[in-house]
Amino acid sequence: MLTPPHWNTLRALMDRLIPPDDFPGAWEAGVGDYLARQFERDLRPQLEMYRLGLEALEAEAQASAGIGFAALDIPAQDAVLRRIETGQVTAPWPVDPAGFFRLVTEHVMEGYYSDPGNGGNRDSIAWRMIGFEARE
Amino acid sequence: MTQYDVIIVGAGAGGGVAAGVLAEAGKRVLLLERGPHLTFGEDRHDHLRHQRFSRHGHNAGPEIEGNPRVAVDGQGQARVVRPHEDGYQNNAAVVGGGTRVYGAQAWRFLPQDFCMASLYGVPAGSSLADWPISYEELEPYYERAEWEIGVAGDSAASARHWPRRKGYPLPPLPVNTQGRALRAGASKLGWETLPIPALINTAPYNARPACIQCQYCVGFTCPVEAKNGTHNTLIARALATGRCELVTGARVARIDTDASGHISGVSYFDRGGKRQSARAEVVVCAGGAIETARLLLNSASPQHPGGLGNGHDQVGRHLQGHYYPAAIGLMSEPVYDGLGPGISTATVQFNHGNSDVLGGAMLANEFIVLPAIFWARQLPPDLPRWGLVNKRFMREAYTRVMRVTGPVQEIPSPEARVTLDPSVRDRWGIPVARLSGTTHPETVRTAAYVFGRAREWLEASGAVRVWGQPPGLHLSGGQHQAGTCRMGDDPQTSVVDRWGRVHGHDNLFVTDGSVHVTNGGFNPVLTILALAFRAAEHIAQSW
């Protein structure tokens, strides 16, 4: 299981992957709910990778600024993520940083843009944003 | 033990047609299907688990656990893959097979598609060959498939490319916004277009209603049964005779032979895992090009040590599907109108007669693209994959992007093949399919040419930017899998004769895409259906 500190980091991470603007960011749109459901089924085998990756992300933020990732300002968060995305990390990473970043990005996008039945995309907000009609 | 006239293995396109034709001809039929009946609602509208996007599973089987295959990559590395993973080459495993959840494009192959070797010559290393039958011999059965299963299309436009005695039973799908843009572009280029023919009711037909134009078509069951497959036509007709027994959840282990080597029936595991045997005068294999080859190879006997029909090491070779080079264009105005299925307009201008490449492909616009697929597969390569820039592109571009692609006719290779894995077994202990090799490299050249035409079409249609990349050399099969029991007059170079009868056996037939010598530059289902009508009629007349 992910602990509250893990979730705190994950929430900040997903809101940089899909930031809020005049449409909700990932967290507000329910991507956290999507992932929580998926950690109990399809993503169960990847839960350990999430745990290790989120802890390494915290260590990366601490190494660069001396504070946790969620407490960084937005430009500093994005700078840390760009380093992880390209594998240019300074903290020790027990999982491949670029691979972790790619996978989390894919999962967050799945939660945001797939059907609300999967737990994310609350009230079909992502579909209304892009113009996909949800006629059944 | 129950005695049947015919046992059919696989209730998909080819098996479903065979069941209907043979049961109506008075035969007592046992139709065995490994999957279940899939009713609408069971597959939900789950955007992450369907036949087009199987990130976390499938809606139409086979079950994720217990059905592995082994995929061997270009470097010879073998890995065990599950049904929803890359390399598995999956097709739906439910009553109706692929027709239950397909996009239902209903193309005939062109007359030239039956004589590719004569037209183009045989490249070194390829097993390109002519079919033993011509388009003219298959034409009456194309017509039968179009009328008995139900195809919507533009009869006059079709007749400009295909000799045909009779039109379509249903008017074509409506032209949508993408179709109008592409027609204007084609007109600038001097290209001819036509509406995409589809196995979809555009008006009530066969006591079922017209399409309601929902956004979920390819990959899903139809909410109103306006999509025509074998499950709601020929299989329903077979069951209505009272002479066809359909058993779902039946995993056929082998085709049985008697002491003299004569085919006597099949052995299968029922839903409860109990081994059963059934006996019949005739056995028909229709499990798709991968599972049919696997079954024949798994049915070795003292008289057939290499498997049935495999005296000349042909079973499982020439595996082919289609290469899909896709160009994606950003238009200046929205081209999304939300009217399903979304496919509208095609050209068959580049199926043949292209200078310096062998064959070609039909090109067409795409089905409605679900947003999660759009993010995963259709974004420009230089767009950041996250952040506000990504979100804003999704928001501004989703309704303005149009994708043009088409199925490139593969140049077959004997090394693209299905064999039995020496160690991996499925849930029932049966050796699984091992997929190895690639199609012939000429296919890559043709795909690159076709990609150029797709790009040109989008640009002429007003795209402000076009991206995409033609495919590299790979093995394809998937939902268009074909070729592993190719049809031919010579038993040394083919597996079945011109009727689909396995060489060396008088009572063993194949009625699925396995028998295709080449797979056309088109979605192959109408050809599978037509060949199954022809083979089943022959079986009915012979027994």
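The legends below describe close-up views of a predicted model, taking chain A before chain B.

**View 1. Helices α1 and α5 of chain A pack against each other.** In chain A, helix α1 (residues 4-17) and helix α5 (residues 97-113) have their axes 10 Å apart and pack at an angle of about 75°. Because of this angle, α1(A) is roughly perpendicular to α5(A). From α1(A), the residues A:Leu10, A:Leu13, A:Met14 and A:Leu17 meet A:Phe101, A:Val104, A:Thr105, A:Val108 and A:Met109 of α5(A). Sorted by class, the residues of this contact are 8 nonpolar and 1 polar, with no charged residue.

**View 2. Helices α3 and α4 of chain A cross obliquely.** The axes of helix α3 (residues 47-65) and helix α4 (residues 74-85) of chain A come within 10 Å and cross at roughly 120°. An angle of this kind makes α3(A) oblique to α4(A), and the crossing in which α3(A) passes α4(A) is right-handed. On the side of α3(A), the contact involves A:Leu57, A:Glu60 and A:Ser64, while α4(A) contributes A:Val80, A:Leu81, A:Arg83 and A:Ile84. Divided by class, the contact of these two helices holds 4 nonpolar, 1 polar and 2 charged residues.

**View 3. Aromatic residues of chain A form a pair and a cluster.** Over all chains, the count of aromatic pairs comes to 24. In one such pair, the ring centres of A:Tyr112 and A:Tyr113 are 4.9 Å apart and the ring planes stand at 80°, so the pair is edge-to-face. Are A:Tyr112 and A:Tyr113 buried or exposed? A:Tyr112 is buried, because its relative accessible area is 0%, and A:Tyr113 likewise counts as buried at 0% relative accessibility. Elsewhere among the aromatic residues, A:Trp7, A:Trp27, A:Phe39, A:Tyr50, A:Trp93 and A:Phe100 form one aromatic cluster.

**View 4. Helix α3 of chain B has buried residues covered by other helices.** Helix α3 of chain B spans residues 135-150, and its buried residues include B:Tyr135, B:Leu138, B:Tyr141, B:Tyr142, B:Ala145 and B:Ile149. Charged side chains appear in the list too, among them B:Glu139, B:Glu143, B:Glu146 and B:Glu148. What covers the buried residues of α3(B) includes three helices of chain B, namely α1 (13-24), α6 (234-240) and α11 (525-542).

**View 5. Helices α3 and α11 of chain B meet in a contact of mixed residue classes.** The axes of α3(B) and α11(B) come within 8 Å of each other and cross at roughly 105°, which means that α3(B) is roughly perpendicular to α11(B). Among the residues of α3(B) that take part are B:Glu137, B:Leu138, B:Tyr141, B:Tyr142 and B:Arg144, and among those of α11(B) are B:Leu526, B:Thr527, B:Leu529, B:Phe533, B:Arg534 and B:Glu537. By class, this contact has 10 nonpolar, 1 polar and 6 charged residues.

**View 6. A buried tyrosine lies in a loop of chain B.** B:Tyr323 is located in the loop between helix α7 (289-297) and strand β10 (327-331) of chain B. With a relative accessible area of 0%, B:Tyr323 is buried. Although B:Tyr323 and B:Glu410 are 87 residues apart in sequence, their C-alpha atoms are 7.0 Å apart in space.

**View 7. Two loops of chain B contain cis peptide bonds.** Most residues other than glycine have a negative phi, and most peptide bonds are trans. The bond that joins B:Gly61 and B:Pro62 is cis, with omega at about -5°, and B:Pro62 is found in the loop between β2 (29-33) and β3 (69-72) of chain B. The peptide bond from B:Gly340 to B:Pro341 is also cis, its omega being near 0°, and B:Pro341 belongs to the loop between β10 and β11 (345-347) of chain B.

**View 8. Two alanines of chain B have a positive phi.** B:Ala104, in the loop between β4 (78-81) and α2 (116-120) of chain B, has a phi near 75°, a positive value in a residue other than glycine. B:Ala207 has a positive phi of about 65° although it is not a glycine, and its place is in the loop between β5 (194-195) and α6 of chain B. Which of the two words, buried or exposed, applies to B:Ala104 and which to B:Ala207? B:Ala104 counts as buried at 2% relative accessibility, whereas B:Ala207 is exposed, with a relative accessible area of 85%.

Note on methods: Residues numbered from 1 in each chain as written. Chains lettered and ligands numbered in written order. Predicted model: local features only at pLDDT ≥ 70, side-chain atom pairs only at ≥ 80, totals over all residues. Heavy atoms only, no water. Axes fitted to C-alpha atoms, helices over the stretch in contact; angles between N-to-C directions. Helix = DSSP H or I, 4+ residues; strand = E, 2+ residues; numbered from the N terminus. Parallel < 35°, antiparallel > 145°, perpendicular 65-115°, else oblique. Left-handed = near helix turned anticlockwise from the far one by under 90°. Contact = heavy atoms within 4.5 Å. Phe/Tyr/Trp six-rings, centres within 6.5 Å; stacked < 30°, edge-to-face > 60°. Buried < 20%, exposed > 50% of the residue type's maximum accessible area, 1.4 Å probe, protein only.
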